[in-house]
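Biologist: I am new to this structure and should like to go through it by question and answer. May we look at it together?

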Amino acid sequence: HVGSVVTHALAWALLGAALTGGAPVAWAVAGLALAARLWLKWRIDRAAGASSGPALLLPLRDIMSCAIFFGSLFARAVYWRGERFRVSSGRTMSPA
């Protein structure tokens with residue numbers, strides 16, 4: 001689950017641009033990440049024969065997905081198939 005952090009390239013690139021004070025190279029990386037994400041959306045939409053939503057909302061969606069992902073790393077409970085489970089510090093689940 002933690003390895004999924006690499007799937008949030010756009011959020012990381014925007015964070016890098018913010019932390020570097022808007023360094024040009026950081027914005028270039030963010031632009032490349034956005035271009036790659038837009039290309040991927042276009043390819044998936046073509047393959048599926050349907051639109052996955054407006055491209056203008058893609059950066060917001062990626063940032064929100066990243067925030068939800070990080071929140072999941074610190075969750076103490078999970079809902080699975082209508083049941084609530086506690087997650088222990090050893091990362092084992094037990095019925096709540």
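Biologist: With which side chain does the side chain of His 8 make a polar contact?

Modeller: This is a predicted model, and His 8 lies in the segment before α1, which covers residues 9–19. A polar contact requires N or O atoms within 3.5 Å. At 3.4 Å, the partner of the His 8 side chain is the side chain of Thr 7.

Biologist: Is His 8 buried or exposed?

Modeller: Apart from neighbours within four places in sequence, His 8 is in contact with Asp 62, Ser 65, Cys 66 and Phe 69. The relative accessibility of His 8 is 11%. Buried means under 20%, so His 8 counts as buried.

Biologist: How many salt bridges does a search of the whole structure find?

Modeller: One salt bridge joins Asp 62 to Arg 37. Another is formed by the side chains of Asp 45 and Lys 41. For the whole structure, the search finds 2.

Biologist: How far apart are the closest N and O atoms of Asp 62 and Arg 37?

Modeller: Asp 62 and Arg 37 form a salt bridge, and a salt bridge requires a nitrogen to oxygen distance within 4 Å. In the pair Asp 62 and Arg 37, the closest N and O atoms are separated by 2.9 Å.

Biologist: How many residues apart are Asp 62 and Arg 37 along the chain, and in which helices do they lie?

Modeller: The pair links distant parts of the chain. Asp 62 belongs to helix α3, residues 58–73, and Arg 37 to helix α2; the two are apart by 25 residues.

Biologist: Is Arg 37 buried, partly exposed or exposed?

Modeller: Its partner Asp 62 has a relative accessible area of 10% and is buried. For Arg 37 the relative accessible area is 23%. That value lies between the cut-offs of 20% and 50%, so Arg 37 is partly exposed.

Biologist: What is the N to O distance in the salt bridge of Asp 45 and Lys 41?

Modeller: Asp 45 and Lys 41 both lie in helix α2, 4 residues apart, which is about one turn of the helix. Asp 45 is buried, with a relative accessible area of 14%, and Lys 41 is buried at 10%. The N to O distance between their side chains is 2.4 Å.

Biologist: Which residue has its backbone oxygen 2.9 Å from a polar atom of the Lys 41 side chain?

Modeller: Leaving aside neighbours within four places in sequence, the contacts of Lys 41 include Ser 51, Ser 52, Pro 54, Ala 55 and Leu 58. The backbone oxygen at 2.9 Å from a polar atom of the Lys 41 side chain is that of Gly 53.

Biologist: About how much accessible area do the residues of the nonpolar surface patch have together?

Modeller: The patch is formed by Trp 39, Leu 40, Trp 42 and Ile 44. Trp 39 is placed in helix α2 and is exposed, because its relative accessible area is 52% and the cut-off is over 50%. Together, the patch residues have about 440 Å².

Biologist: What distance separates the C-alpha atoms of Arg 46 and Tyr 79?

Modeller: Arg 46 is found in helix α2, where it counts as exposed at 54% relative accessibility. Arg 46 and Tyr 79 are 33 residues apart along the chain. Their C-alpha atoms are separated by 34 Å.

Biologist: Where in the protein is the confidence lowest?

Modeller: The mean pLDDT of the protein is 91, and 100% of its residues reach 70 or more. Confidence is highest in helix α2, residues 24–48, at 96. With a mean of 87, the lowest confidence falls in strand β3, residues 93–95.

Notes: Residues are numbered from 1 along each chain as its sequence is written. This is a predicted model: local features need pLDDT of at least 70, side-chain atom pairs count only at pLDDT 80 or more; totals for chains, interfaces and linings use all residues. Side-chain values use heavy atoms; hydrogens and water are left out. Buried means under 20% relative accessible area, exposed over 50%, partly exposed in between (1.4 Å probe, protein chains only). A polar contact is a pair of N or O atoms within 3.5 Å; within protein, one must be able to donate a hydrogen and the other to accept it, and residues adjacent in sequence count only if both atoms are side-chain atoms. Contact means heavy atoms within 4.5 Å. pLDDT is the predictor's confidence in each residue, from 0 to 100. Patches are made of residues with over 30% relative accessible area and no salt bridge: like charges are joined within 9 Å, nonpolar side chains (Val, Leu, Ile, Met, Phe, Trp, Tyr) within 5 Å. Accessible areas come from the Shrake-Rupley method with a 1.4 Å probe; for residues, only the protein chains shown count as cover.
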